[in-house]
Amino acid sequence: MQEYLLIFRHEDGQKQASPEQIQEWMKQTMDWIGTIAAKNKFVGGNGLPFEDAKVVRAAAEGLLVTNGPFGDIKETLGGYIIVKADSVEEAVEFAKGSPVLQGVGNSVEVRKIASGDGIH
Amino acid sequence: MASIKMGTEQLVPHLFRTEFRKITAMLCRNFGLEYLGDSEDIASECFLAALETWPYKGVPANPSAWLFRVAKNKAINRLRREKSRREGEEGERRREEGEGGEVEVYMELPRVQDDELRMLFAVCHPALSAESQVALALRVCCGFGIDEIAGALLAGKEAVNKRLYRAKEKIRTEGIQLELPEGAELINRLQNVLITIYLLFTEGYYSETNNELIREELCFEAMRLAYSLTELKETNQPEVQALMALFCFHASRFPARKSATGNWVLYSEQDTSLWNRELITKGAQYLHRASVGQYVSRYHLEAAIAYWHTHQVDSPEKWESILELYDQLMKQYPSQVAALNRVYAVYKVHGSELAIESAEKLRLIKSPYYFMLLAELYWEQDNLHARISLNKALELAKTDADRNFIHKRLLSFNYEE
């Protein structure tokens, strides 16, 4: 059993969501995490607000500080969860259920977390 | 994680919609109605903050208190930024050196009922146009989003945004305050408030949108607002009781108005076992309480008409009373809908000949409902004329539900022939 990091990115910057819509997203996200937790494979997670997000980059002329992870794309929501999975395929299956993926252009990145046991 | 039962929390339905209007009203009371736009922004940001935490850490034991705390912090942060911008670099320097500059903010906690009534009266200020009042009421008194308002009012999103923007500008320039007027001014403004609530309800009840959910929610929001007026002594006037009665009678027929396939069901063909008896009883209680004082408002008349419609059996007394009430309504508060409905009552009391005569005088040649009514009246004596009327109605009909209804009617006329 390995731990995987699922990072989701939401690039819908323009849309003004209504309270009802946000509540619907909330419900879907809770349901998604709930199904993973029901299999006892949810380790933890958190939201990553894009407000005040910065990236520090090493450029030829020195360190460059820019807004947001990508700069051009206006992201509004992000987050990560850590799951336990027997294989990357299983982790990908978990990722596919993320409500974030209902929006075209959004993504969930699946990354194995080094366990330090030298097997991975 | 052990303390959180993931996935088992249930959020109260419409929690965010409800909290939106409470938070917005609370912020406006503390900072002034000129900050309505900022208050809305902050309220929305609170839900995004919740979306960034609750799914992972669990829903807090008291979600409302959590949201209010976040709203308060966000408002204070915004004020600090605003203040430091105003004070410029001087203020920035003093703050860095630890000299004063701290923002003193005392925020009063929500006084929900009070806040919401004040907001309703502010939104219904006569300086705002009727259509602005309805859109703004949906936004800040009901917590609807732009998409939902556009859907409910059958308007484009851009148009709704513009309407809301202009209304908020007006609030600023006119210096409209978040307060309950007093004495005669309160009774005056109450007229506007009731018209707006009435429009909200009729938007839901007769709206041409095909979204059934939005329609009923509009009606229930209107009922909630009217109910809040009955809870305060100053606003609990007989006409408020009459309006509640009218809403209860209308809402009692919600389940019977549409068939399983989503088509309209004519009043005379409704399954009366689907009528909500509890609401009918409630409506009768409100109507009884409304019957004090001398003044007969349009809500009194319309509620009385709606009351008679809750009687299942067609008695002469029923339709004579309805006709008499429509006569009064037309004299005091004439409208197209009332005129058409009055003709139907004429038909029930005096027969089709006199009804056709009354109908033809109306000449509402742009209304599909006018021709639908004519078709019903003509059917008994002149089915060619009836069919021509239905075809005209079909040309004028704007919604699928109306078109389906007319098609069905045309078919049944053919069969009966």
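**Interface and aromatic contacts of chains A and B**

Across the interface of chain A and chain B, one salt bridge is found. The model is predicted. The bridge joins Arg17(B) to Glu20(A). Their closest N and O atoms are 3.5 Å apart. Arg17(B) also lies over the face of an aromatic ring, that of Phe144(B). The distance to the ring centre is 4.3 Å. Arg17(B) is thus placed in two contacts, with Glu20(A) and with Phe144(B).

The size of an interface is often given as the accessible area lost when the parts come together. Between chain A and chain B this area is about 2300 Å². Carbon and sulfur atoms give 67% of it. Chain A brings 26 residues to the contact, and chain B brings 30 residues.

Chain A has 120 residues, of which 38% count as buried. Its secondary structure consists of two helices and six strands. Read from the N terminus, the order is β-α-β-β-β-β-α-β. Contacts in chain A with a separation of 6 or more were also examined. Residues 24 or more positions apart account for 76% of these contacts. The exposed surface of chain A is about 6900 Å². Carbon and sulfur atoms supply 51% of that surface.

In chain B, helix H6 spans residues 130–141. Of its 12 residues, 10 are buried, so the helix is largely enclosed by the rest of the structure. The buried residues of H6(B) include Val134(B), Leu136(B), Leu138(B) and Val140(B). Ser132(B), Gln133(B) and Arg139(B) are also among them. After H6(B) comes Gly143(B), with a positive phi near 75°.

Aromatic contacts were examined next. A pair of aromatic rings is described by the distance of the centres and the angle of the planes. Over all chains, the structure holds 15 aromatic pairs. One of them is formed by Tyr205(B) and Phe254(B). Their centres are 5.7 Å apart and their planes meet at 50°, a tilted arrangement. This pair links distant parts of the chain. Tyr205(B) belongs to helix H9 (residues 183–206), and Phe254(B) to helix H12 (residues 254–257). The two residues are 49 residues apart. Tyr205(B) is buried, with a relative accessible area of 4%. Phe254(B) is buried as well, at 9% relative accessibility.

Phe254(B) also pairs with Phe220(B). Here the centres are 5.8 Å apart and the planes lie at 70°, so the pair is edge-to-face. Phe220(B) lies in helix H10 (residues 212–230) and Phe254(B) in helix H12, so the pair ties together parts 34 residues apart in sequence. Phe220(B) is partly exposed, at 42% relative accessibility. Ring pairs extend this set into a cluster of Phe201(B), Tyr205(B), Phe220(B), Phe247(B) and Phe254(B).

A further contact of a charge with a ring involves Arg253(B). Its charged end sits over the ring of Trp275(B), 6.0 Å from the centre.

Note on methods: Residues numbered from 1 in each chain as written. Chains lettered and ligands numbered in written order. Predicted model: local features only at pLDDT ≥ 70, side-chain atom pairs only at ≥ 80, totals over all residues. Heavy atoms only, no water. Helix = DSSP H or I, 4+ residues; strand = E, 2+ residues; numbered from the N terminus. Buried < 20%, exposed > 50% of the residue type's maximum accessible area, 1.4 Å probe, protein only. Contact = heavy atoms within 4.5 Å. Areas by Shrake-Rupley, 256 points an atom, 1.4 Å probe, with all protein chains shown as cover. Phe/Tyr/Trp six-rings, centres within 6.5 Å; stacked < 30°, edge-to-face > 60°. Lys NZ or Arg CZ within 6 Å of the ring centre and 35° of its normal. Buried area = accessible area lost by both parts, 1.4 Å probe. Salt bridge = Lys/Arg side-chain N within 4 Å of Asp/Glu carboxyl O.
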